Amino acid sequence: MAKNLLDRHSGGVIEHDHNNDGIDRRGFLKCMAWAGTGAFCLMQGGVLRSFALPFRNHSGDKSGNLGELSFVQISDSHMGFNKPANPDVVATLKAAVDKINALPQQPEFILHTGDISHLSKPEEFDNVDQILKATNKEIFFVPGEHDVLNDNGAMFRERYGKNSKGDGWYSFDKNGTHFIGLVNVLNLKAGGLGALGSEQLEWLEDDVRHLKSSTPVIVFAHIPLWTVYPRWGWGTEDSAQALSYLKRFGSVTVLNGHIHQTMQKVEGNVTFHTACSTAFPQPAPGTADGPGPMKVPADQLRSVLGITDVNYVQKRHALALVDSSLA
Amino acid sequence: MNRRFLVRLLPAILPLALVAILTLYSPRAASQEAKPSSTEVKVDNFAFAPQTLTVSANSTVTWVNKDDVPHVIASDQGVFKSKALDTDDKYSYTFTKPGTYTYFCSIHPKMTGTIIVH
């Protein structure tokens with residue numbers, strides 16, 4: 001895994017040697033050209049990083065059949081957490097809101113990829129709702145494991161999933177792009193990873209059946225839908241099955257949280273990306289005994305927290321993802 | 001007076017004395033005392049310690065969460081399940097029947113452990 005991460009600096013095509021992610025591979029991972037050198041070291045340097053995802057337009061329509069598309073992903077606000085890794089998660093979530101409100105191109109809406117709360121308490125959810133109100137944006141949520149403690153997600157669905165199916169999954173369309181919110185934090189099996197389950201997989205297959213292959217698809221869920229590091233549970237058991245339903249699409253973007261650090265991988269038509277937390281960082285895979293909250297010097301905390309700004313760049317027919325730290 | 005009093009007390013004292021003697025000298029009681037009496041499982045750094053714990057029947061096992069994040073103790077077979085344990089929270093379960101009980105953290109399922117009850 002570490003090798004793969006380092007290899008990403010080289011930019012070009014690398015032969016993958018990390019494994020266990022259960023995804024049908026084509027032999028090579030095509031890495032994107034990176035804007036900004038040494039950009040991978042977001043964890044250390046708080047460097048702004050960006051990359052562009054090609055939006056292949058199979059209809060050949062050069063003017064593009066997509067409108068402008070701009071949204072922000074935030075993740076892992078862990079409201080209620082008060083340990084040394086960040087004694088003030090309210091302040092850092094507010095800093096994320098300030099960051100969003102200061103973006104030159106205002107996003108249309110926000111995706112929150114879970115762990116809204118730390119302990120699934122009503123007052124924690126209330127607090128986040130109150131702070132995020134200052135963005136004046138529509139917000140779409142998927143649950144993290146911290147949001148479904150003790151009640152299998154009933155309270156989460158009551159608050160954020162009124163129009164969702166099953167355990168809280170749903171889809172919607174924005175400016176020609178199809179968005180799919182998945183739930184992979186419930187009904188987990190001993191020894192396993194995140195899981196979608198057969199009911200959700202069937203729904204997903206059906207949900208995308210009517211879409212043209214040229215429709216850009218953006219999937220968002222809490223736990224990564226590619227295997228980042230199985231020892232720490234950073235992956236989803238049946239994600240390969242889900243991705244198999246999306247193979248025919250020209251452009252698929254998968255946005256996740258959970259691991260409290262940015263990481264990305266491009267494989268064929270699918271680009272995977274994880275966002276930073278707004279609360280506390282976690283160690284890079286395998287660099288610590290466990291994946292728990294990582295304490296960094298107080299003056300460096302905001303450089304390892306952040307938001308992800310996603311913009312469809314009309315001229316280039318590309319989707320640009322920009323991770324910016326809260327520093 | 002004194003003697004009559006003692007005689008009347010004998011039926012009450014004798015069984016108590018017998019129990020005391022048996023408890024002190026029976027090999028079974030002695031071996032139970034010699035066993036490690038620790039029935040605590042620490043939940044630390046996303047792992048259970050000890051990962052496998054052996055106890056005698058009717059022992060109460062207590063899990064203590066030493067992590068900065070919550071964990072949930074859940075039997076694989078659905079025998080027991082805790083609420084979410086925040087830092088320093090404890091959960092106890094008394095094992096009455098001998099057997100092997102595997103369990104995991106239902107929100108971090110890579111965390112697994114075993115309680116063997118003799």
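Two strands count as paired if DSSP finds at least two bridges between them. The exercises below apply this to a predicted model.

**Exercise 1. Decide which strands of chain A pair with β8(A), and in which direction each pair runs.**

Step 1. Strand β7, residues 170–174 of chain A, is joined to β8(A) by 5 bridges, and the two strands run antiparallel. Because at least two bridges are needed, these strands pair, and one position along them is given by Lys174(A), whose bridge partner in β8(A) is Thr177(A).

Step 2. Between β7(A) and β8(A) there are 2 residues, so that the strands form a hairpin by the bridge criterion, and Asn175(A) in the turn has a positive phi of about 50°.

Step 3. On to strand β9, residues 217–220 of chain A, which is joined to β8(A) by 4 bridges and runs parallel to β8(A). Here Phe179(A) has Ile218(A) in β9(A) as its bridge partner. To get from β8(A) to β9(A), the chain passes through helix α6, residues 198–209 of chain A, in a right-handed β-α-β crossover.

**Exercise 2. Determine whether the residues of β8(A) are buried or exposed on each of its faces.**

Step 1. Thr177(A), Phe179(A) and Gly181(A) point one way from the strand, whereas His178(A) and Ile180(A) point the other way.

Step 2. All of these residues are buried, in agreement with the count for the strand, residues 177–181, in which 5 of 5 residues are buried. For the whole of chain A, with its 327 residues, buried residues make up 47%.

**Exercise 3. Compare the surroundings of Ser120(A) with those of Asn187(A).**

Step 1. Most residues other than glycine have a negative phi. Ser120(A), however, has a positive phi near 60°, and phi of Asn187(A) is also positive, near 55°.

Step 2. Ser120(A) is found in the loop between β5 (109–112) and α4 (122–132) of chain A, while Asn187(A) is found in the loop between β8 and α6 of that chain.

Step 3. A residue is buried if 20 or more other C-beta atoms lie within 10 Å of its own. Ser120(A) has 24 such atoms within 10 Å and is therefore buried, whereas Asn187(A) counts as partly exposed because it has 14 C-beta neighbours inside 10 Å.

**Exercise 4. Locate the cis peptide bond of chain B that involves Pro50(B).**

Step 1. Most peptide bonds are trans. The bond from Ala49(B) to Pro50(B) is cis, with omega near 0°.

Step 2. Pro50(B) itself lies in the loop between β2 (47–49) and β3 (52–55) of chain B.

**Exercise 5. Describe the contact between the chains and state how confident the prediction is in chain B.**

Step 1. The contact takes 19 residues from chain A and 20 residues from chain B. On the side of chain A that touches chain B there are 8 nonpolar, 6 polar and 5 charged residues.

Step 2. For the model, the scores are ipTM 0.79 and pTM 0.80. Chain B has a mean pLDDT of 82, with 68% of its residues at 70 or more. Over residues 26–34 of chain B, however, the pLDDT is below 50, and beyond near neighbours in sequence this stretch has 2 contacts in the model.

Step 3. Where pLDDT is low, the predicted coordinates should not be read in detail.

Terms used
Residues are numbered from 1 along each chain as its sequence is written. Chains are lettered from A and ligands numbered from 1 in the order in which they are written. This is a predicted model: local features need pLDDT of at least 70, side-chain atom pairs count only at pLDDT 80 or more; totals for chains, interfaces and linings use all residues. A residue is buried if 20 or more other C-beta atoms lie within 10 Å of its own, exposed if 12 or fewer, and partly exposed in between; C-beta atoms are placed from the backbone. A crossover is right-handed if, with the strands pointing away from the viewer, the path from the first strand over the helix to the second runs clockwise. Two residues are in contact if their C-beta atoms, placed from the backbone, lie within 7 Å. Ala, Val, Leu, Ile, Met, Phe, Trp, Tyr, Cys and Pro count as nonpolar, Asp, Glu, Lys and Arg as charged, and the others, Gly among them, as polar. pLDDT is the predictor's confidence in each residue, from 0 to 100.
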